[in-house]
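Here are a few exercises to work through with the model open in your viewer. Try each one before you read its solution.

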Amino acid sequence: MKNKNTKLKNLTFLFSLFLIPCFSFSKLEEKPSYKIKTIVIDAGHGGHDGSTRGAIAREKDIALEVALKLGKKIESEMKDVKVIYTRKTDVFVKLYERIDIANANNADLFISIHCNSMPKRAGNERVSGTETFVSGFHRLGEQDVAMRENASMLLEDNYEENYDFDPKDPESYIIFSLMKNQYRDQSIKLASLIQEHYATSGRINRGVKEQGLAVLARAGMPAILTEIGFISNRNEERYMVSAEGQAEIVKNITNAIKAYKNQIER
């Protein structure tokens, strides 16, 4: 746990950000003719960050397969959109480097693909459905996903220097809750559309949620993390592993992106 001086420094820095003059309009408001030109697709985890698994598959592998298929479908159906991947193979990419790729390429959307999981205990194997997260405010008692996903930074060298944040310390999430995402409303719009399109395929809709996720916190564009199903549920795991299931997931996300694109490009 960080000492009090360090936390005070963090809070002082974050509050100072709100005092710095910033653009009064978002990217979408500044440019009425705005078009979505670049989408960064992030396959969650990878390399030595890949311990989450079900009975027959690993989250990192499913995430990569879906991410690559999603990119190909976007490129084939949206010719005016460029797709960039944070990883195309089974390699470990640091959390801050993932969003840095999107920021450096002036991406218009950032989409991170993950599989959900529940601890092994009676009843948890029946939990199913999809949920999509955006960076934002959350209560400390509702941060299970954030704690699990942010734990990836513990695998990085000098993670304290890269983030000045301890993912094992619940109090650190107070700091993250102050890092208000400039693109919160747009992120929620995209996340909601993704959830709605999952539901058209009969998937259980667990909703859109806000969490202090490190991979989204510094995004300079609308950014979401979508949990495409529970790998701890054998039926959903088989669905996510199958070619038919992956094709349906990719179709749902692609159609949601198209709907979002049509709405904001009017």
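**Exercise 1. A salt bridge and its surroundings**

Which residue forms a salt bridge with Glu77, and how far apart are the closest N and O atoms?

Solution. Keep in mind that this is a predicted model. Start at Glu77 and look for a positively charged partner: Lys258 makes the salt bridge, and the closest N and O atoms are 2.5 Å apart. Next, place both ends. Lys258 sits in helix α11 and Glu77 in helix α3, so the pair ties together parts that are 181 residues apart in sequence. Now check how open the two ends are. Lys258 has 26% relative accessibility and counts as partly exposed; Glu77 is partly exposed too, at 35%. Finally, widen the view: Lys73, Glu77 and Lys258 are linked in a network of salt bridges.

**Exercise 2. Two further salt bridges**

Find the salt bridge between Arg184 and Glu210 and say which elements the two residues belong to.

Solution. First the distance: the side chains of Arg184 and Glu210 meet at 3.0 Å, N to O. Then the location: Arg184 is in helix α8 and Glu210 in strand β5, 26 residues apart, and the pair links distant parts of the chain. As for exposure, Arg184 comes out at 24% relative accessibility, which counts as partly exposed. Glu210 is at 22%, again partly exposed; the buried class would need a value under 20%.

Try Asp61 as well: its side chain meets that of Arg58 in a salt bridge, at 2.7 Å from N to O. Asp61 is partly exposed with a relative accessible area of 23%, and Arg58 is partly exposed with 29%. If you want to hunt down the rest, the count comes to 13 salt bridges.

**Exercise 3. Laying out the sheet**

In what order do the strands of the sheet stand, and which of them are at the edges?

Solution. Take stock first: the protein has 11 helices and 6 strands. Walk across the sheet and you get β2-β1-β3-β6-β4-β5, an open arrangement of 6 strands with mixed pairing. β2 and β5 (205-211) stand at the edges with a single partner strand each, so one side of each is left without a neighbour in the sheet. Neighbouring strands are turned by 20 degrees against each other on average, ignoring direction.

Now zoom in on β3 and its two partners. β1 and β3 run parallel and are joined by 5 bridges. On the other pairing, β3 and β6 are also parallel, over 6 bridges. For landmarks, use Ile113 of β3: Ala43 stands opposite Ile113, and in β6 the bridge partner of Ile113 is Thr226. Phe110 gives you another, as it stands opposite Ala223 in β6.

Then add the helices. α8 lies across β3, β4 (130-135), β5 and β6, running at about 175 degrees to β4. α11 packs on the sheet, where it touches β1, β3 and β6, and its direction makes about 150 degrees with that of β3.

**Exercise 4. Inside β3**

Is β3 largely enclosed or left open by the rest of the structure?

Solution. Begin with the general pattern: side chains in a regular strand alternate between the two faces of the sheet. Sort β3 by direction: Leu109, Ile111, Ile113 and Cys115 point one way, while Phe110, Ser112, His114 and Asn116 point the other way. Then count the buried ones: 8 of the 8 residues of β3 are buried, so the strand is largely enclosed by the rest of the structure.

**Exercise 5. The nonpolar cores**

Which elements each supply at least two residues to the largest nonpolar core?

Solution. Pin down the core first. It has 39 residues, and those with the most contacts inside it are Ile39, Ile41, Ile74, Ile113, Ile228 and Ile257. Going through the elements, you find β1 (38-43), α3 (59-77), β2 (82-85), β3 (109-116), α8 (184-199), β6 (223-230) and α11 (243-264) each supplying at least two residues. α11 gives the most, with 8.

Pick Ile41 to see the packing. Leaving aside neighbours within four places in sequence, Ile41 has contacts that include Ala67, Leu70, Ile74, Val83, Ile111 and Ile113. Another core lies apart, with 16 residues, among them Leu95, Val215, Leu216 and Ala223. For the overall picture, 52% of the 266 residues count as buried.

Definitions and conventions. Residues numbered from 1 in each chain as written. Predicted model: local features only at pLDDT ≥ 70, side-chain atom pairs only at ≥ 80, totals over all residues. Heavy atoms only, no water. Core = buried A, V, L, I, M, F, W, Y, C linked by side-chain atoms within 4.5 Å. Buried < 20%, exposed > 50% of the residue type's maximum accessible area, 1.4 Å probe, protein only. Helix = DSSP H or I, 4+ residues; strand = E, 2+ residues; numbered from the N terminus. Contact = heavy atoms within 4.5 Å. Pairing = 2+ DSSP bridges. Axes fitted to C-alpha atoms, helices over the stretch in contact; angles between N-to-C directions. Salt bridge = Lys/Arg side-chain N within 4 Å of Asp/Glu carboxyl O.
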